[in-house]
Amino acid sequence: MTTDPIADYLTRLRNAIHANHRIVEIPSSTIKKSMTQILFEKGYIINYKFEDDKFPSTIKIALKYHPVTKACAIKELKRISRPGRRIYTSADKMPRVLNGLGIAIISTSQGLMTDKEARKLNIGGEVICYIS
């Protein structure tokens with residue numbers, strides 16, 4: 001059992017990218033499912049599959065690589081808000097990752113969303129991580 005499941009999720013992704021794996025398997029939770037859906041919608045991963053039929057339930061993620069250069073679509077994963085130090089932000093002070101080229105995943109009262117969506121809806125929340 002890990003004390004920070006989101007950091008574990010990001011570390012598993014980071015390790016799979018550094019090892020040039022095509023598919024990574026991660027233990028499932030509701031917040032991890034939401035983060036995976038955001039990564040898919042924004043084009044950072046090719047596909048994903050939630051395997052809820054077996055115990056423990058898992059998420060299989062197919063990582064996206066460039067066909068020629070073999071570089072991964074995800075360059076950096078950075079955990080911002082941790083269990084020991086929570087980072088909250090308002091809508092007007094929402095962070096921009098790489099001047100808008102990356103995304104920040106924000107936990108709001110309306111669920112997980114990117115920084116752009118939260119800015120558009122004018123709501124703040126907890127900054128979970130940066131992805132570029």
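# A tour from loop to core

Start by selecting Pro56, found in the loop between β2 (45-51) and β3. This is a predicted model, so treat each stop as part of a prediction. Now add Phe55 to your selection: a cis peptide bond joins Phe55 and Pro56, with omega at about -5°. Most peptide bonds are trans, and most residues other than glycine have a negative phi. Keep that second point in mind for the next stops.

**Two backbone stops**

Select Lys70, in the loop between β3 and β4 (77-79). Lys70 is not a glycine, yet its phi is positive, at about 60°.

Then move to Asn122, in the loop between α3 (115-121) and β8. Asn122 is not a glycine either, and has a positive phi of about 60°. Is Asn122 buried or exposed? Turn on the surface while you think about it. Asn122 has a relative accessible area of 59%, and because the cut-off for exposed is over 50%, Asn122 counts as exposed.

**Into strand β3**

Next, select Ala62, which sits in strand β3. Draw a line from its C-alpha to that of Asn47: these two residues are 15 apart in sequence, and the C-alpha distance is 5.2 Å. Which residues does Ala62 touch, not counting residues up to four places away in sequence? Show Arg22, Ile23, Ile45, Ile46 and Asn47 as sticks to see these contacts.

**The largest nonpolar core**

Now for the inside. The largest nonpolar core has 25 residues, and Leu13, Ile61 and Ile131 touch the most other members. Colour the elements that give two or more residues to this core: α1 (5-18), β1 (23-27), α2 (30-41), β3 (58-63), β6 (103-108) and β8 (125-131). Which of them gives the most? That is α1, with six residues.

Zoom in on Leu13. Setting aside residues up to four places away in sequence, Leu13 touches Val24, Ile26, Leu39, Ile61, Leu63 and Leu77. There is also a second, separate core of nine residues, and you can find it by selecting Met94, Val97, Ala104 and Ala118, which are among its members.

**Where two helices meet**

Show α1 and α2 as cartoons. Two packed helices are described by the angle between their axes and the distance between the axes. Here α1 and α2 pack at an angle of about 40°, with their axes 10 Å apart. That angle is why α1 is called oblique to α2. The crossing of α1 and α2 is right-handed.

To see the contact itself, turn on side chains. From α1, select Pro5, Ile6, Asp8, Tyr9, Leu10 and Leu13; they meet Ile31, Lys32, Met35, Thr36 and Leu39 in α2. What kinds of residue make up this contact? Eight are nonpolar, one is polar and two are charged.

**Last stop: Ser132**

Finish with Ser132, in the segment after β8. Ser132 has 12% relative accessibility, and because buried means under 20%, Ser132 counts as buried. Leave aside its neighbours within four places in sequence and look for what Ser132 contacts: Tyr44, Ala73, Ile74, Lys75, Glu76, Val97, Leu98 and Gly102. You have already met Val97, as a member of the second core. How far apart in space are Ser132 and Ala104, C-alpha to C-alpha? They are 8.6 Å apart, with their positions 28 residues apart in sequence numbering.

Definitions and conventions: Residues are numbered from 1 along each chain as its sequence is written. This is a predicted model: local features need pLDDT of at least 70, side-chain atom pairs count only at pLDDT 80 or more; totals for chains, interfaces and linings use all residues. Side-chain values use heavy atoms; hydrogens and water are left out. A nonpolar core is a set of buried Ala, Val, Leu, Ile, Met, Phe, Trp, Tyr and Cys residues joined through side-chain atoms within 4.5 Å. Buried means under 20% relative accessible area, exposed over 50%, partly exposed in between (1.4 Å probe, protein chains only). Helices (H or I, at least four residues) and strands (E, at least two) are DSSP runs, numbered from the N terminus. Contact means heavy atoms within 4.5 Å. Axes are lines fitted to C-alpha atoms, for helices over the stretch in contact, and angles run from 0 to 180 degrees between N-to-C directions. Angles under 35 degrees count as roughly parallel, over 145 as roughly antiparallel, 65 to 115 as roughly perpendicular and the rest as oblique. A crossing is left-handed if the near helix is turned anticlockwise from the far one by less than a right angle, and right-handed if clockwise. Ala, Val, Leu, Ile, Met, Phe, Trp, Tyr, Cys and Pro count as nonpolar, Asp, Glu, Lys and Arg as charged, and the others, Gly among them, as polar.
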